[in-house]
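With the structure open in a viewer, please follow this tour one selection at a time, pausing at each stop before going on to the next.

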Amino acid sequence: MQTYPTACPYDCPDCCGLLVTVADGKAVRVAGDPAHPFTRGTLCPKMAHYERTVHHPGRLRTPLRRTGKKGEGAFTPISWPEAIQEITARFQNIAREYGSEAILPYSYAGTMGAVQHNGYHAFFYRLGASNLLRTICAPAKSYGVQAVMGKSFITAPQEAQRSDCIVLWSLSMLATDIHFQHDVNVARQRGAKIWCIDTYETQTMARVADEGIIIRPGTDGALALGVLHILLRDGLTDEDFLARYVQGWPELAAQVLPRYTPERVSQLTGIRAERIEAFAHAYGRARATFIRLGSGFSRYTNGAMAARLIACLPAAVGAYAAPGGGLLSSISSSHAIDRECIYHTDWRQPGTRSLNMCELGRILNDTKLAPPVKALFVYSSNPAATAPDQTQVLRGLAREDLFTVVHERFLTDTARYADIVLPATSSLEADDLYYSYGNYCLQRGRAIVLPVGESKSNWQVACLLAQGMGWDEPFFRQTDSDIVEQLIVSTQRCWEQPLDLEKLRRGEPVPLPLAKDYKLDFRTPSGKLEIWNPAHEPALPDYQPPTGDAAAFHFVNAPDPRILDSSFNEREELTRSHTMELMMHPEDAARLHLQDGQRVTARNTRGQAAFTLVITPRAPQGTVVSEGVWSHAVAGGMNTNALTAQRLTDRAGGSTFYDVKVDVIG
Ligand SMILES: Nc1nc2c(c(=O)[nH]1)N[C@H]1C(S)=C(S)[C@@H](COP(=O)(O)OP(=O)(O)OC[C@H]3O[C@@H](n4cnc5c(=O)[nH]c(N)nc54)[C@H](O)[C@@H]3O)O[C@H]1N2
Ligand SMILES: Nc1nc2c(c(=O)[nH]1)N[C@H]1C(S)=C(S)[C@@H](COP(=O)(O)OP(=O)(O)OC[C@H]3O[C@@H](n4cnc5c(=O)[nH]c(N)nc54)[C@H](O)[C@@H]3O)O[C@H]1N2
Ligand code: SF4
Ligand SMILES: [Mo]
């Protein structure tokens, strides 16, 4: 028996350090690493038994060829050489007949490791396939925050320990960022007040916050402006900081803020004017405010603008100047490595078309698309469950003339539609280098258990496909660990402060050191925070309402702590007792004559899904809430994505999962 350090591979901001005990080539125990600066020795319930995922009886063991109808799930095992031969022959035929752009790779963050996450890019660039815009998560949030902050360093989570006012803004912390709770608790013990802003009473709001604010979905930009209005009116801004470090405050104060009185903002957001005043005063009077900004608020048609407006708040009070103050949206610890080692973007052929992953349903069904998509290669993602507008996505995946390959660990809802399924390794079976988007840390992971069956990593399959195409570049003859080593070496040219490379090679968590005054090192064209930003249209931010749908209820479909997007649906002990639930306020339920526990249907112009009704004041009037992205088997049919839309955010082409309305019938 031996215990190895490694990192959690999932798309979670915590990117925990794990200690995995291995016996006879299998993982037998998984624990949180006490030496990891953010994990601090604890894990979420999902990963505390990661060995049950890695060695699950449902893991795919060999390549498969479909024998039944698409979606049915009937397959027969084939060998790797047969699978590679068939895929490359089909790709070559499709490229000859329709052009290479008729082939579309589709992936997201099934694994966050730099090698496996990006391991197919070079293959598809070299092939000349359509380029996928990977926008399903929260690009509008990043875009809006960057409009103000440029490439400045984002505040580290541990900084919050010294804050006296923490705002958990659109963050489902107890599901999605549980290790931040430690920093919040330390601050609270030192007297900090915790605010939470969400569209319903989340567990985070109920159990962690001192003060909760329930906001009408998609109106956070108006709240930010209302707070700025009060800060200005009541002399709570930091004028010295504004004069020295901020561009455009006088313009915003004169041209925009007068229109956002507490009364008007109350009408826009549904928050009582006194509550807006109370929050603004708490924010303005605190010594060091810390905003931890989640992503939900940005998945609306006004998401980028909302992020831009929220990013103005710490500028107005000079939060970055105070120990403990700042804004944590998403951290780019990936900046510490040179992903070009694996991307090979020079192989990307100029003029190749780009298709947006949020529009997969439309792309697969669009008869006018030229060339049409004739081959779809899915890896590290499960769009049949997670992509918006599920009815369209499933219709597209069912096309008999679409050649679909799915590289997966499990026979997911998407894999059921594949012509060829390829078995993928888990993170314990492949080498990689992990970086976090919620804290400053890097960690190497090694193959510490034997591959399950004939599973191969993304990088290994990309190399097999390249060889099957007859390409002989030495690039495709490297191993996973060759690339990891190049990435490790690249940290020396990418990160300004020195890193302990030997520690990184050993697989221990390596914190990314930050300069002492990193919070005031504003990396924008002007060297200041840019409230007025001439590179953006409009140059001064202002609120725009979300466009959304027309139906009776806002439909919030938030994260569930038991699963992560559609990952972990395989774990019976986590999903066993589950049916999809819909939370509704008692007065709404009474008006519609609905009973607690009854089956209801939520529907709109795109589709419908069935839920068990939970009548609770946790959902405000006019909003219904369902948590989790459940697989077909667990949901017992269509999931929340039957209701979501393919429309995009105002900037950056992001998803609008929460900009949705539904009618509910008994
Ligand atoms: N257990 C678990 N962990 C996860 C995930 C998971 O599904 N389950 N998903 C992973 C992924 S891919 C990501 S991107 C992160 C996401 O982590 P978070 O940012 O925490 O999650 P979001 O889904 O963006 O939703 C955050 C909150 O936004 C709220 N919200 C929705 N609309 C609005 C609005 O208009 N205004 C405000 N103020 N709040 C709103 C939702 O109700 C929700 O509580 O979590 C990761 N971690
Ligand atoms: N209704 C609704 N839908 C949502 C959301 C929501 O809040 N509401 N959230 C959205 C968000 S934020 C995101 S980021 C997306 C994520 O959506 P997806 O990208 O589909 O993520 P997962 O559902 O986690 O699926 C990842 C898959 O990758 C596989 N995998 C893991 N490791 C590897 C590997 O090394 N190689 C290969 N080939 N496969 C691997 C896993 O088995 C898993 O099936 O979902 C979005 N969908
Ligand atoms: S909290 Fe997130 S990063 Fe940590 S073990 Fe759980 S899923 Fe992985
Ligand atoms: Mo995400």
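Select Pro538 to begin, in the loop that runs between β21 (529-530) and β22; in this predicted model, the peptide bond that joins Glu537 to Pro538 is cis, with omega at about -5 degrees. A second cis peptide bond can be displayed by selecting Ala370 and Pro371, where omega is about -10 degrees, and here the proline sits in the loop between α17 (360-365) and β15 (375-379).

Next, colour the protein chain by domain, using four selections: domain 1 (2-54), domain 2 (64-136 + 335-511), domain 3 (139-332 + 517-530) and domain 4 (553-665). Keep domain 3 and domain 4 on screen, whose centres, taken over C-alpha atoms, are separated by 28 Å; the contact between them draws 24 residues from domain 3 and 25 residues from domain 4. The size of an interface is often expressed as the accessible area that is lost when the parts come together. For domain 3 and domain 4 the buried area is about 1900 Å², and carbon and sulfur atoms contribute 62% of it. To see where the domain 3 side of this area is concentrated, select Tyr200, Arg299 and Thr301, which lose the most area to domain 4 and together make up 36% of what that side buries.

Ligand 1 is the next stop. Which domains should be shown around ligand 1? Domain 3 and domain 4 both give residues to its shell, and ligand 1 therefore lies between them. Of the 34 residues around ligand 1, those that come nearest are Thr176, Asp198, Asp220, Ile563 and Tyr658. Showing secondary structure as well, one finds that α6 (173-176), β9 (193-198) and β22 (553-558) each supply at least two residues of this shell, so that β22, the strand at the far end of the loop that holds Pro538, returns to view here.

Now display the polar atoms around ligand 1. A polar side-chain atom of Thr176 is placed 2.6 Å from an oxygen atom of ligand 1, and another oxygen contact to show is that of Arg299, where a polar side-chain atom lies 2.9 Å from an oxygen atom of the ligand. At Ala175, by contrast, the backbone is what to look at, with an N or O atom 3.0 Å from a nitrogen atom of ligand 1. Taken alone, ligand 1 exposes 910 Å², of which the protein buries 96%. Colouring the shell by residue class gives 18 nonpolar, 9 polar and 7 charged residues.

Move on to ligand 2, with domain 2 and domain 4 shown; both give residues to its shell, so ligand 2 lies between them. Of the 29 residues that surround ligand 2, the closest are Asn382, Thr386, Glu408, Ser566 and Ser567. Three side chains are worth labelling here: Ser567, with an N or O atom 2.6 Å from an oxygen atom of ligand 2; Thr386, with a polar atom 2.7 Å from an oxygen atom of the ligand; and Tyr658, with a polar atom 3.0 Å from an oxygen atom of ligand 2. On its own, ligand 2 has 930 Å² of accessible area, and the protein covers 95% of that. By class, the shell around ligand 2 is made up of 9 nonpolar, 15 polar and 5 charged residues. Tyr658 is also listed among the residues that come nearest to ligand 1.

The last stop is ligand 3. The residues around it are Cys8, Cys12, Asp14, Cys15, Cys16, Leu43, Cys44, Lys46, Met47 and His179, which by class are 7 nonpolar, 1 polar and 2 charged. Finish by selecting Cys15 from this shell, in the loop between β1 (2-7) and β2 (17-23), where phi is near 45 degrees, a positive value in a residue other than glycine.

Conventions: Residues are numbered from 1 along each chain as its sequence is written. Chains are lettered from A and ligands numbered from 1 in the order in which they are written. This is a predicted model: local features need pLDDT of at least 70, side-chain atom pairs count only at pLDDT 80 or more; totals for chains, interfaces and linings use all residues. Side-chain values use heavy atoms; hydrogens and water are left out. A residue is near a molecule or strand if one of its heavy atoms lies within 4 Å of it. A polar contact is a pair of N or O atoms within 3.5 Å; within protein, one must be able to donate a hydrogen and the other to accept it, and residues adjacent in sequence count only if both atoms are side-chain atoms. Accessible areas come from the Shrake-Rupley method with a 1.4 Å probe; for residues, only the protein chains shown count as cover. Helices (H or I, at least four residues) and strands (E, at least two) are DSSP runs, numbered from the N terminus. Ala, Val, Leu, Ile, Met, Phe, Trp, Tyr, Cys and Pro count as nonpolar, Asp, Glu, Lys and Arg as charged, and the others, Gly among them, as polar. Domain bounds come from an automatic or database domain assignment. Contact means heavy atoms within 4.5 Å. Buried area is the accessible area (1.4 Å probe) that two parts lose on being put together, summed over both.
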